[in-house]
Amino acid sequence: MELGNRNSERATTPALALSHGYDPAKANQIDTSPMTGDIRPVRIPEPERGVSIEAVPLKTIFLHVTKSCNLSCCYCYFSANKPLPDEMTRIEFGRVWEDIVTLKPQRVVFTGGEPLLRKDILQLLCDLRDADPHHHVLRCLNNNGYLVTPPLAEELVGLVDEVRVSLDALAERNDALRGKGSFDAAVRALDYLHAVGFEPKVLVTVTSMSIPDLREFLCLLIAKGITRMNLNHFRAIGCGAEHPEWAAATSDIDGAVQQAWEECYPRQPVPQEPDNPAVHINCGVGSFISIMPNGDVFPCHELMMPEFLCGNVRQQSLTEICRRHSLLDKLRGLDFHQLARQDKNLVSLTGPDMCLGSVFARTRSLPVWRETLALRHLQMD
Ligand SMILES: C[S@@+](CC[C@H](N)C(=O)[O-])C[C@H]1O[C@@H](n2cnc3c(N)ncnc32)[C@H](O)[C@@H]1O
Ligand code: SF4
């Protein structure tokens, strides 16, 4: 099955990609993307030095093209609202495309804020497409559905491989979380995208508030012909920072998925995530990056503290930021089980829903971090 292709066949059963956290690496594990599989280091020629350097192999680049948003979801990790005063221009993004193509991540996810609020969003997508004539990198677009119209959906064909629309629950609960009218807007967008041949993916951010609806909601999506969904755990960051109680229990999510699947596909076993040994070592940190609208590069949405700033693409090339032996490479090499043996305060890193960001937020004063990562600006309490 191809992504976002007019002629692609619709799958008859959905690919439920269950992830733990707003995901990064894990959410895409059972995507039907043609580019999944091993990721390997990339050799980057550096003309001025006449040698090649090796770069950290990246799976996903999250490109936050704006902080501006037309919604105010109560849990937004980015606290999106107004654009930053110093967001990058199309010309500045232009300097990043070539590096991205050199680094060959599996995908670039255009996100925000609401990326469709950028007047030049189609040009940005076009520029990346033109910089990547052999289509090494999948172009994905996250959005909240509000700004998708039939003509825009048409324009996205050929520019975007995967369109992802966020929708969390049945109408009433969804709108309580994401804003009045957001359910209808997202459903409308899914219809427009289907009509032009996309197989849109629904991004479901699961909170404890959405659990009561989850089974029925998943059945509704399946009945609507949605074949691709990611279930992402809410993370208590940004607007949700003060609400750890909004986190849903994994067992509740698994239970709802199981029930929905049995109801919709009574004769088929629930699909399991394929086993990936890499995720047993750490949460995938170091194999994806988040680029902010002002060019700052962080390892992920949860590690947006000053000590984890990897660089800024206005001042440095992305290939330089992602080179071997960088902070990103150190993060990639972390073995959470080994860290837990070094310091018993880090035992939670070995749990099933392990995530460096949330554990680091609680334990940033431990000497083990300074020793292991040599963080430049580590603020000791
Ligand atoms: C930040 S939004 C940006 C793109 C677009 N505005 C949208 O809502 O799809 C990208 C995704 O992150 C999810 N998200 C936002 N805050 C989150 C949090 N605290 N924990 C987990 N996922 C979150 C959203 O629900 C959405 O699916
Ligand atoms: S989750 Fe998306 S739509 Fe909601 S406030 Fe954040 S950026 Fe806006």
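A residue counts as buried here if 20 or more other C-beta atoms lie within 10 Å of its own. Keep that cut-off in mind for the whole tour. The model is predicted.

**Stop 1: the whole protein.** Show everything as a cartoon. The protein has 381 residues, and 43% of them count as buried. Its secondary structure comes to 13 helices and twelve strands. Now think about contacts between residues at least 6 apart in sequence. Of these, 72% join residues at least 24 apart.

**Stop 2: strand β8.** Select residues 201–206, which form β8. Is this strand enclosed or open? Six of its six residues are buried, so β8 is largely enclosed by the rest of the structure. Turn on the side chains. In a regular strand, side chains alternate between the two faces of the sheet. Look for that pattern here. Lys201, Leu203 and Thr205 point one way from β8. Val202, Val204 and Val206 point the other way. Residues on both sides are buried.

**Stop 3: the neighbours of β8.** Add strand β7, residues 162–166. β7 and β8 run parallel, joined by three bridges. Find Val165 and look across to β8: its bridge partner there is Val202. Next add β9, residues 228–233. β8 and β9 also pair in the parallel sense, over six bridges. Which residue of β9 stands opposite Leu203? It is Asn230.

**Stop 4: helix α6.** Select residues 211–223, the 13 residues of α6. Does its length fit or clash with what its residue count predicts? At 1.5 Å a residue the helix should span 18 Å, and its end C-alpha atoms are 19 Å apart, which agrees. Centre the view on Phe217. There α6 has a kink of about 25°.

Now colour Leu214, Phe217, Leu218 and Leu221, the buried residues of α6. An α-helix has 3.6 residues a turn, so residues three or four places apart point the same way. What do the buried residues of α6 pack against? They meet β8, β9 and helix α7, residues 250–264. Step past the end of α6 to Gly225. This glycine follows the helix and has a positive phi, near 85°.

**Stop 5: Leu124.** Jump to helix α2, residues 121–131, and pick out Leu124. Buried or exposed? With 22 C-beta neighbours inside 10 Å, Leu124 counts as buried. Set aside its neighbours within four places in sequence, and Leu124 is in contact with Val65, Arg90 and Phe93. Then select Trp97. Leu124 and Trp97 are 27 residues apart in sequence, yet 9.3 Å apart in space, C-alpha to C-alpha.

**Stop 6: two loop residues.** Select Ser79, in the loop between β4 (60–66) and α1 (90–103). Ser79 has a positive phi of about 45° although it is not a glycine. It has 16 other C-beta atoms within 10 Å, so Ser79 is partly exposed.

Move on to His135, in the loop between α2 and β6 (138–143). His135 also has a positive phi, about 55°, and it is not a glycine either. With 12 C-beta neighbours inside 10 Å, His135 counts as exposed.

**Stop 7: ligand 2.** Finish by selecting ligand 2 and the residues around it. Among them are Cys69, Cys73 and Cys76. Leu71, Phe78 and Ala80 are also part of this shell. So are Glu114, Asn144 and Arg178. How does the shell divide by residue type? It holds six nonpolar, four polar and two charged residues.

Terms used: Residues are numbered from 1 along each chain as its sequence is written. Chains are lettered from A and ligands numbered from 1 in the order in which they are written. This is a predicted model: local features need pLDDT of at least 70, side-chain atom pairs count only at pLDDT 80 or more; totals for chains, interfaces and linings use all residues. Helices (H or I, at least four residues) and strands (E, at least two) are DSSP runs, numbered from the N terminus. The expected span of a helix is 1.5 Å times one less than its number of residues. The bend at a residue is the angle between axes fitted to the seven residues ending there and the seven starting there. Two residues are in contact if their C-beta atoms, placed from the backbone, lie within 7 Å. A residue is near a molecule or strand if its C-beta atom, placed from the backbone, lies within 6 Å of it. Ala, Val, Leu, Ile, Met, Phe, Trp, Tyr, Cys and Pro count as nonpolar, Asp, Glu, Lys and Arg as charged, and the others, Gly among them, as polar. Two strands pair if DSSP finds at least two bridges between them.
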